[in-house]
Amino acid sequence: QFGEGQVDEGVKHLEQQGDAADLAQFQIITGQTASKDRQSQEKELFEWLNTTYQMNIKHMRHLANGATYLQICDSLMARKVPMKQVDWAASPDFYDEVKGNYHVLREVFHNCMIMVDVDVRKMCTYDREVRTTHAYKDANLELLVMLKGLWDTCHLSSYDPMARRWLARHRLRHFPEWAMPVPPWERTIDLETVREAFGRGAEGWRLDGADGGLVLHHR
């Protein structure tokens, strides 16, 4: 347990040190979030997500299925997250739909030694008590603040979020509107994504569409 004075002193010290990741982690441990107004804080975080990852997130509920957290981790960890496994359309109202995403997220945290215990029940809305009290909003805000702190200290300078989401294209018909990736026939996908998606050398190639299909064209 931390006294109020200890919490304030700890926050002040970490702010002076300029360590955003440690500050975010300390705020979670002590049950604190940023001192800003809740709505303005959420607005800033949504703007960061939408700009950085080319999304259209407007509500905490959009984060509750865990998919967006996996994409953030992917940009932090040199594309090491198995994005093909991410179910973007998983409904936070059903545990069976979100458990896969959170299983992957826990594995990512474990492998990268991120000491955060993700309580799926608190993150989602399948539990009536959590849903009616809106407790899931607090849980999602805390995790998002922590990941934003990590992103502030270390992230890939070259990262194509649309291309990485496209790896889950076998679920394309079920992509939610706020995370829908632009199809590759409307854009060029980065080399690493082509290699991962097709399992072969792809230097000098790009993806295009023909009659709704996917075609590799040489540049």
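Let's start with the second largest pocket. Helix 8 gives the largest share of its lining, five residues. Keep in mind that this is a predicted model. Twelve residues line the pocket in total. Nearest its centre lie Asp117, Lys122, Met123, Ala139 and Glu142. Two elements give two or more residues to that lining: helix 6 and helix 8. The space inside comes to about 300 Å³.

Stay with helix 8 for a moment. Helix 8 covers residues 135-153, so 19 residues. At 1.5 Å a residue, those should span 27 Å. The end C-alpha atoms sit 28 Å apart, which agrees.

Which residues of helix 8 are buried? Early in the helix we find Tyr136, Ala139, Asn140 and Leu141. Then come Leu143, Leu144, Val145, Met146, Leu147, Lys148 and Gly149, and finally Trp151. Note that Ala139 has two roles here: Ala139 is buried in helix 8, and Ala139 is among the residues nearest the pocket centre.

Now the core. The largest nonpolar core has 48 residues. Tyr69 and Trp88 touch the most other members. Five elements each supply two or more residues: helix 3 (38-52), helix 4 (67-76), helix 5 (95-111), helix 6 (120-123) and helix 8. Which of them gives the largest share? Helix 8 again, with nine residues. As background, nonpolar side chains in soluble globular proteins tend to be buried together.

Take Trp88 by itself. Leaving aside residues up to four places away in sequence, Trp88 touches a long list. Among them are Ala67, Thr68 and Gln71. Those three are also buried residues of helix 4. Trp88 also touches Arg165, Ala168, Phe175, Pro176, Trp178 and Ala179, as well as others including Met55, Asn65 and Met83.

That brings us to helix 4. How many of its residues are buried? Ten of ten. Tyr69, from the core, is one of them. So is Cys73. The buried residues of helix 4 pack against helix 3, helix 5, helix 6, helix 8 and helix 9 (161-166). After helix 4 comes Ala78, with a positive phi near 55 degrees.

Back to Cys73. How many disulfides does the structure hold? Zero. Cys73 is in no disulfide, and its nearest cysteine sulfur belongs to Cys112. Why do these two not pair? Their sulfurs are 7.3 Å apart, too far for a bond; the cut-off is within 2.5 Å. Their surroundings are worth noting too. Cys73 is buried, at a relative accessible area of 0%. Cys112 is partly exposed, at 34%.

A quick stop at helix 3. Glu47 lies there. Is Glu47 buried or partly exposed? Partly exposed, because its relative accessible area is 43%, and buried would mean under 20%. Glu47 and Ile57 are ten residues apart in sequence. In space, they are 8.3 Å apart, C-alpha to C-alpha.

Last, the whole chain. The protein chain has ten helices and two strands. Along the sequence the pattern runs α-α-α-α-α-α-α-α-α-α-β-β. There are 219 residues, and 44% of them are buried. Now count contacts with a separation of 6 or more. Residues 24 or more positions apart account for 56% of those.

To recap: helix 8 gives the largest share of the core and the largest share of the second pocket's lining. Helix 4 is mostly covered.

Notes
Residues are numbered from 1 along each chain as its sequence is written. This is a predicted model: local features need pLDDT of at least 70, side-chain atom pairs count only at pLDDT 80 or more; totals for chains, interfaces and linings use all residues. Side-chain values use heavy atoms; hydrogens and water are left out. Buried means under 20% relative accessible area, exposed over 50%, partly exposed in between (1.4 Å probe, protein chains only). Helices (H or I, at least four residues) and strands (E, at least two) are DSSP runs, numbered from the N terminus. The expected span of a helix is 1.5 Å times one less than its number of residues. A nonpolar core is a set of buried Ala, Val, Leu, Ile, Met, Phe, Trp, Tyr and Cys residues joined through side-chain atoms within 4.5 Å. Contact means heavy atoms within 4.5 Å. On a 1 Å grid over the protein atoms alone, a cavity is a set of points where a 1.4 Å probe fits but cannot get out, and a pocket is an open set with protein on both sides within 12 Å along at least five of seven lines; lining residues have an atom within 4 Å of a point. Grid points are joined across faces, edges and corners, and a volume is the space filled by probe spheres set on the points.
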